[in-house]
Amino acid sequence: MDGSWKDAEFYPPDRLTLHLTNLCNADCTFCGYQFQKDRHSFLSDKHFFDAVSQYAEMGVELVDFTPLV
């Protein structure tokens, strides 16, 4: 082991989970978005394509767009 990320216990990762935006106007009573104090924003195209490219190089084949609250 050389101490690189390839030595990590969960390598290779099984998926890339992306949070594309923290903006939602549905106001569901069960959802934490209603309490969010962060500035509303979107993931930039550059960061999206960089992340997908880097994870593809690692062997990830599944991209998940499930929102994170």
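This is a short tour of one predicted model, stop by stop.

**Whole chain**

Colour the chain by confidence before selecting anything. Its mean pLDDT is 81, and 83% of the residues reach 70 or more. Among the elements of the chain, helix α1 has the highest mean pLDDT, 92, and strand β1 (residues 16-17) the lowest, 87. Keep the colouring in view, for where pLDDT is low, the predicted coordinates should not be read in detail.

**Helix α1**

Select residues 45-58, which make up helix α1. What distance separates its end C-alpha atoms? They are 20 Å apart, and this agrees with the 20 Å that 14 residues should span at 1.5 Å a residue. Step just past the end of α1 to G59, where phi is positive, about 100 degrees.

**The salt bridge on the helix**

Go back into α1 and show the side chains of K46 and D50. They meet in a salt bridge, with 2.6 Å from N to O. The structure holds one salt bridge, so this stop covers that topic. Both residues lie in helix α1, four residues apart, which is about one turn of the helix. An α-helix has 3.6 residues a turn, so residues three or four places apart point the same way. Side chains of opposite charge can pair when their charged atoms come close. K46 is exposed, because its relative accessible area of 55% is over 50%. D50, at 30%, counts as partly exposed.

**The aromatic cluster**

Next, select F48, F49 and F65, which ring pairs link into a cluster. How many aromatic pairs does a search of the whole structure find? It finds two. One of them joins F48 and F49 edge-to-face, with 5.1 Å from centre to centre and 85 degrees between the planes. F48 and F65 are stacked, because their planes are at 20 degrees, with the ring centres 6.4 Å apart. F48 lies in helix α1 and F65 in the segment after β2 (63-64), so this pair ties together parts that are 17 residues apart in sequence.

Now add a surface to compare the three rings. F49 is exposed, with a relative accessible area of 52%. F48, at 21%, and F65, at 45%, are each partly exposed.

**N22 and its surroundings**

Move to the loop between β1 and α1 and select N22. Is N22 buried or exposed? It counts as buried, because its relative accessibility of 10% is under 20%. Leaving out residues up to four places away in sequence, N22 touches Y33, Q36, D38, R39, H40 and S41. Look at S41 in particular: its backbone nitrogen lies 2.7 Å from a polar atom of the N22 side chain.

Then select H40, which is in the loop between β1 and α1 as well. H40 and N22 are 18 residues apart in sequence, while their C-alpha atoms are 5.7 Å apart in space. Apart from its neighbours within four places in sequence, H40 is in contact with N22 and L23. H40 is partly exposed, with a relative accessible area of 47%.

**D27**

The last selection is D27, also found in the loop between β1 and α1. Most residues other than glycine have a negative phi. D27 is not a glycine, yet its phi is positive, about 55 degrees. At 58% relative accessibility, D27 counts as exposed.

Conventions:
Residues numbered from 1 in each chain as written. Predicted model: local features only at pLDDT ≥ 70, side-chain atom pairs only at ≥ 80, totals over all residues. Heavy atoms only, no water. Helix = DSSP H or I, 4+ residues; strand = E, 2+ residues; numbered from the N terminus. Expected span 1.5 Å × (residues − 1). pLDDT = per-residue confidence, 0-100. Buried < 20%, exposed > 50% of the residue type's maximum accessible area, 1.4 Å probe, protein only. Contact = heavy atoms within 4.5 Å. Polar contact = N/O pair within 3.5 Å; in protein donor to acceptor, adjacent residues only side chain to side chain. Salt bridge = Lys/Arg side-chain N within 4 Å of Asp/Glu carboxyl O. Phe/Tyr/Trp six-rings, centres within 6.5 Å; stacked < 30°, edge-to-face > 60°.
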